[in-house]
Amino acid sequence: MPHKIFFTVIHASGVDNGFNIRELEVHSPLSRGWQSTRFCLYPQEIVIQLAEKIRIRKLQLLAHQYLIPTKIEFYIGSLPPDHITTLHGTRYKRLGYVAMSDNSKTGYKARELKSVHVDAVGQYLRLVIHKNHVNKYNTYNQVSLIAINVIGDEITTEEDLIQYDEENKQKVNQVIKDFMPEGYYGDDLKNGNDVDPAVLGAVNRKDYISPMDDLAFDMYQDPEVAQIIRKLDVRKNEAVLQEQYDMAKKLKQAIADLQKVGEKLGRYEVEKRRAIETEDYDLAKVKKIQMEEYRLQIYQQLEVNDLLQLSKNLFWPPKNSGDRDTNVPLEKESPRRPEPVRKPISPSPTRNGIARPASPIDIDERPLPTIKSSPREPLLEPSPRLLEPDDEPVAPADAVNEAAATGAAPPDHAEPLNEKTLREAAAAIDIFGQDLVSKLYSKNWSLREEALAELKQKLETETETMDKEELRSMLRASVFLSSKGLKDKVFAVFMAALSLVRSIYDDWIPRHKPSKGDTSHSLEQVLPDLMARIGDTNARLKAADIDFINELALYKDVRSLHMVPHYFVAPFKGTTQAKIAVTRVDVVDRLLKDLGVDKHSGLTVDNVMTFAKRALEHTAGEVREASVHLILELYRIKSEAVRSHLPSEDDHKTLKNPLYHKIFDGMDKVDGKPTKAEKKAKAQSDKASEKKRKQAEIEELQQQLADLRAATLAQGKNPDAPGKKGPKAGNKDLPKKLPRAPSIAEQSDYGDEIDKQCIFCSEEDKNFKDEGLDMHYWKHCPMLKRCHSCKQVVEISALNNHLLMECEGRAKFGKCPRCTETHEKSEIDRYVSEKICHPPKAGMSKCPLCHNSIAAEDDKDENWRKHLMETGKDACLKNPRREASIKRVRESKNPSDKQPLKKAPEATKSKIPTKERKPKGKTQRPK
């Protein structure tokens, strides 16, 4: 049967720096193969030497993903008899060529595997590699081959070679006779001419070549796993020949499972190598640990050593095998369908006068990914046991089938223990007997479950009349056997082991009261096994394990030792798998709720926070989220102590870490305080509301001032009342006091400069235009005030009349008969009865701010201005705008700060032009 042929590379035209031509001889996921030098001359040549003369049946090439040659030619050669072994004397015969795809369709991310079926004899194979396909990744015009594979049969004698030639001629003649016109190829064959090896490859193509010899198998399989698969495949064929079909079925499933395992380990190996190349040694270490753990887990799960050991017991050669060819496996194979016969299309004559087919070589093209596993179809169906490694058999019939497949004893009898197991379980055998221990070590899961149930029953019915040494021995033997059950992959056996451990710590230890040292020793054996199963893929097993751990921590004799909390709060390594790490955090969280934080629980703020802070540094997000939740749960119990283990909340660098930001927000929620985000949102909302309120207020005041200015201008241009000081206090649309300045400005030299003065306080400012004057009225003018009821800006001297007649809330105000001021109606009676207010002096008004009397005769406006704006004993100390006004007036009198207003001849001390002034060129308006 054709098989994989090993070879040696003896010549190459050139090889790039950092590559070794010998890598073509090794097929593994880490093989880099051969790569030509930069800007090399084409064609390039590679010559490989086979161990002996071989009948080559199949050639395979794996090309690089972007360093791709356009064409590769094959030549087969051999040395003449009794010739010195040298390349110069080798005679080659051309087999044909293969054209390689440019790989643009895959985006240069897949490798092309070419498989060529030929039938030729030789010891040397020469590959002529032509120029490269041009692409953006191949900057130096190089070509590369990742691997070469040769499949064939050995030819040991000259008789084999003569027989090979005769068989080929007979087969080709038969094909010509059946399918070709008369005389086609026949005369040449009779004259001894050779037949194209490509034609022989199509005619003599083997129906079966082991998939273990395929190049794709080795290039994407872990080398160790690949060797195990080959051994199991041989044992499977032997089992089929001996008609042990249960064993063959089990080996078939194991092979299918191991193929997927080997591909996964191959990917891990590639990732580890890539990490080493980038000097990421932490990642390389993680990948190494993952490979070792996964390899060990799968070997134990599939019982690979047992399969290899059991299959060695097969008899060889098999009985009653007759003259059957033992080299050919008797698997059921689908026969290769004959291809339909096609008429030759314009065959081109060669120099020998023989027409060749248009396609010289039958090519099987398969694109393979560069790192991922081969996209080929799986050779065997995967075993459900690998996909669901935790599922236990559901019926006793399954146990019978398993025992029959492995060659084990029937279910009602346990297998005998080997010498190693006898030494390992000697103490348990002395206490409980060899029969029970043999059941626990059986390959039948039902016997293991039965043994654990028997052991539990023995412990429950054991008498209490035992000395301390016997108790210690029984406890240690029980824990040893239960520990083996806790490691079992079958769910039913694991639950039986949990029931046994529960019985030991809940019933047996309280009854017999062993020493604390013995109890601690037993926990040291049990807890690591329980901790190892918290990351199990079986959800039911994992949940049962976690529930029992919390139950175990609450037992009286266990709780006092504090061992369960101490085991789980030990900080884990950064390489711990995410599912195990997050489960450990959840277990600590549950222990925290059940045990609390005190000196009797084994949990303290220090050890829990040390564990939680290490979990915060884990690379997996779910582990960090679980750690945040654990810290907040601890904060509910010990708030101040937890804060002492965390960085300062005022540190900006700390708040940049989203985890600490989330922790501090959670603490604020626990304390009933708003979080920083909520505070910020509320502040922004309040700011927006305040801004909106101020804007509305400004718009309202601007409207009022615009109405006031319009009314003032309209009154100043009224020819019927040019000398009046202002309207009555009861007129809502007009200001309470109208200045004389607008009428004077019409006849003055300094014209528009009068618009830069406030008409109430006479303050001058160049910014008093448009909104500047409105802002002065609203905030700064000492003669004006905002009504505390309707928020309108009114003159202080007219505030009492405004509250009585114009204000929107005037209904609740009234005039006091005692002081003549305006107060709320509900307070007037109290003012009068208790004589809180004072009546005004004769002929004087009262200030609504300080309640002092002001002369109402002579120049009433000037009296109010002196009271509200100037200093002295009669000044209004309750006017909040007075001090700021005085300061501004003093600054305006400084010539260095501001130019004085243009003076008119015979100007008075007042800044407001009066009727006594006589500007040049103007006539005074008559009264």
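**Close-up views of a predicted model**

**View 1. Lys287 and its acidic partner Glu271.** Lys287 counts as buried, its relative accessibility being 13%. The structure shown here and in the views that follow is a predicted model. The side chain of Lys287 meets that of Glu271 in a salt bridge, with an N to O distance of 2.8 Å. This pair links distant parts of the chain, since Lys287 belongs to helix H7 and Glu271 to helix H6 (residues 245-277), with their positions 16 residues apart in sequence. In contrast to buried Lys287, Glu271 is partly exposed, with a relative accessible area of 30%. Elsewhere, salt bridges with shared partners join Glu469, Arg472, Arg476 and Asp518 into one network.

**View 2. A salt bridge between Arg295 and Asp222.** The closest N and O atoms of Arg295 and Asp222 lie 2.7 Å apart. The two residues are separated by 73 residues and link distant parts of the chain: Arg295 is in helix H7 (residues 281-302), and Asp222 is in the loop between helix H4 (215-219) and helix H5 (223-241). Both ends of the bridge are buried: the relative accessible area is 15% for Arg295 and 6% for Asp222. Both values fall under 20%, and therefore both residues count as buried.

**View 3. A salt bridge between Glu23 and Arg32.** The side chains of Glu23 and Arg32 form a salt bridge with an N to O distance of 3.9 Å. That distance is within 4 Å, so the pair qualifies as a salt bridge. Glu23 is partly exposed, at a relative accessible area of 21%, and Arg32 is also partly exposed, at 30%. In total, the structure holds 37 salt bridges.

**View 4. Packing of helix H16 against helix H17.** Helix H16 (residues 491-512) and helix H17 (residues 516-532) pack with their axes 12 Å apart and at an angle of about 155 degrees. The two helices are therefore roughly antiparallel to each other. H16 passes H17 in a left-handed crossing. On the H16 side, the contact is made by Leu498, Val501, Tyr505 and Ile509; on the H17 side, by Thr519, Ser522, Leu523, Val526 and Leu530. Seven of the contact residues are nonpolar, two are polar and none is charged.

**View 5. The loop residue Lys513 between H16 and H17.** Lys513 is placed in the loop between these two helices. Although Lys513 is not a glycine, its phi is positive, at about 50 degrees. Most residues other than glycine have a negative phi. Lys513 is exposed, with a relative accessible area of 64%.

**View 6. The crossing of helices H18 and H21.** The axes of helix H18 (residues 539-554) and helix H21 (residues 578-595) come within 10 Å and cross at roughly 35 degrees. This crossing is right-handed. From H18, the contact involves Lys542, Ile546, Asp547, Ile549, Asn550, Ala553 and Leu554, which meet Thr583, Val587, Arg590, Leu591, Asp594 and Leu595 of H21. The contact comprises seven nonpolar, two polar and four charged residues.

**View 7. The surroundings of Glu821.** Glu821 is found in the loop between strand S14 (813-815) and strand S15 (822-824). Glu821 is buried, with a relative accessible area of 3%. Apart from neighbours within four places in sequence, the residues in contact with Glu821 are Asn800, Gly814, Lys815, Cys816, Lys846, Cys847, Pro848 and His851.

**View 8. The cis peptide bond between Tyr42 and Pro43.** The bond that joins Tyr42 to Pro43 is cis, with omega at about 5 degrees. Pro43 is found in the loop between strand S3 (34-35) and strand S4 (44-63). Most peptide bonds are trans.

**View 9. The backbone at Ser762.** Ser762 has a positive phi, near 65 degrees, in a residue other than glycine. Its place is in the loop between helix H28 (741-745) and helix H29 (771-780). Ser762 counts as buried, at 13% relative accessibility.

**View 10. Tyr97 and Lys71.** Tyr97 lies in strand S6 (residues 91-99) and counts as partly exposed, at 32% relative accessibility. Tyr97 and Lys71 are 26 residues apart in sequence, and their C-alpha atoms are 6.8 Å apart in space. Across the protein chain, 66% of the contacts between residues at least 6 apart in sequence join residues at least 24 apart.

Technical notes: Residues are numbered from 1 along each chain as its sequence is written. This is a predicted model: local features need pLDDT of at least 70, side-chain atom pairs count only at pLDDT 80 or more; totals for chains, interfaces and linings use all residues. Side-chain values use heavy atoms; hydrogens and water are left out. Buried means under 20% relative accessible area, exposed over 50%, partly exposed in between (1.4 Å probe, protein chains only). Helices (H or I, at least four residues) and strands (E, at least two) are DSSP runs, numbered from the N terminus. Axes are lines fitted to C-alpha atoms, for helices over the stretch in contact, and angles run from 0 to 180 degrees between N-to-C directions. Angles under 35 degrees count as roughly parallel, over 145 as roughly antiparallel, 65 to 115 as roughly perpendicular and the rest as oblique. A crossing is left-handed if the near helix is turned anticlockwise from the far one by less than a right angle, and right-handed if clockwise. Contact means heavy atoms within 4.5 Å. Ala, Val, Leu, Ile, Met, Phe, Trp, Tyr, Cys and Pro count as nonpolar, Asp, Glu, Lys and Arg as charged, and the others, Gly among them, as polar.
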